[in-house]
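Please look at the chain below and follow how its helices and strands are arranged, one after another. The report takes the elements in turn and then looks at one residue within them.

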Amino acid sequence: MNSKLKKSLLVFSISFVIILILFFMFPINLFDGEIIVKKGLVEEKIQRPLSLSYFIGMGYDSKDMDIIKDFYLLPKGYLTAFLLIFCFPALLSYRIFLGKKEK
């Protein structure tokens with residue numbers, strides 16, 4: 001493996017991990033999702049931006065979950081997550097790969 005490829009793979013790996021940590025540890029409501037709220041016998045669907053940290057149990061209080069039956073990402077939310085988590089680091093590492101020529 002040449003040094004440019006190693007460097008770009010290192011940039012991809014580091015940026016991938018940093019982005020994962022940001023999105024899964026901090027409640028950044030960025031991804032389109034839907035929340036199913038149960039009010040008595042009636043269930044209501046509310047479209048809101050969700051954070052990926054909600055899916056691992058971080059970023060919300062357990063008391064807030066009393067009326068929430070379920071929450072999930074919509075297709076647009078999955079696409080946004082894929083683009084930010086995988087494609088952005090790939091684009092960044094590709095830029096590094098195409099960078100200055102070695103002397």
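## The strand hairpin

Two strands are said to pair if DSSP finds at least two bridges between them. In this predicted model, strand S1 (31-39) and strand S2 (residues 42-50) pair in the antiparallel sense over nine bridges. Together S1 and S2 form a hairpin with two residues between them, and in this turn Gly40 has a positive phi of about 70°.

Individual residues help to place the hairpin: Lys38 has Glu43, in S2, as its bridge partner. Val37, leaving aside residues up to four places away in sequence, touches Val42, Glu43, Glu44, Ile46 and Ile67.

## The nonpolar core

The largest nonpolar core has 12 residues in all, namely Ile19, Phe23, Phe31, Ile35, Val37, Leu50, Leu52, Tyr54, Phe71, Leu73, Ala81 and Ile85. Two or more of these residues come from each of helix H1 (3-25), strand S1, strand S3 (68-73) and helix H2, and the largest share, three residues, is given by S1.

## The two helices

Helix H1 has 23 residues, which at 1.5 Å a residue should span 33 Å, and this agrees with its end C-alpha atoms, which are 33 Å apart. The buried residues of H1 are Ser8, Ser15, Ile19 and Phe23, and what covers them includes S1 and H2.

Helix H2 also has 23 residues and an expected span of 33 Å, with which the 31 Å between its end C-alpha atoms agrees. H2 bends by about 35° at Cys87, and a proline, Pro89, follows within four residues. The buried residues of H2 are Gly77, Ala81, Ile85, Pro89 and Ser93, and these pack against H1, S1 and S3. An α-helix has 3.6 residues a turn, so residues three or four places apart point the same way.

## A closer look at Ser93

Is Ser93, a residue of helix H2 (residues 75-97), buried or exposed? Ser93 has a relative accessible area of 10%, and because buried means under 20%, Ser93 counts as buried.

What does Ser93 touch, not counting residues up to four places away in sequence? The residues in question are Ser8, Val11 and Phe12, and of these Ser8 is itself one of the buried residues of H1. Within its own helix, a polar atom of the side chain of Ser93 lies 3.0 Å from the backbone oxygen of Ala90.

How values were computed:
Residues numbered from 1 in each chain as written. Predicted model: local features only at pLDDT ≥ 70, side-chain atom pairs only at ≥ 80, totals over all residues. Heavy atoms only, no water. Buried < 20%, exposed > 50% of the residue type's maximum accessible area, 1.4 Å probe, protein only. Polar contact = N/O pair within 3.5 Å; in protein donor to acceptor, adjacent residues only side chain to side chain. Contact = heavy atoms within 4.5 Å. Core = buried A, V, L, I, M, F, W, Y, C linked by side-chain atoms within 4.5 Å. Expected span 1.5 Å × (residues − 1). Bend = angle between axes of the 7 residues up to and from the residue.
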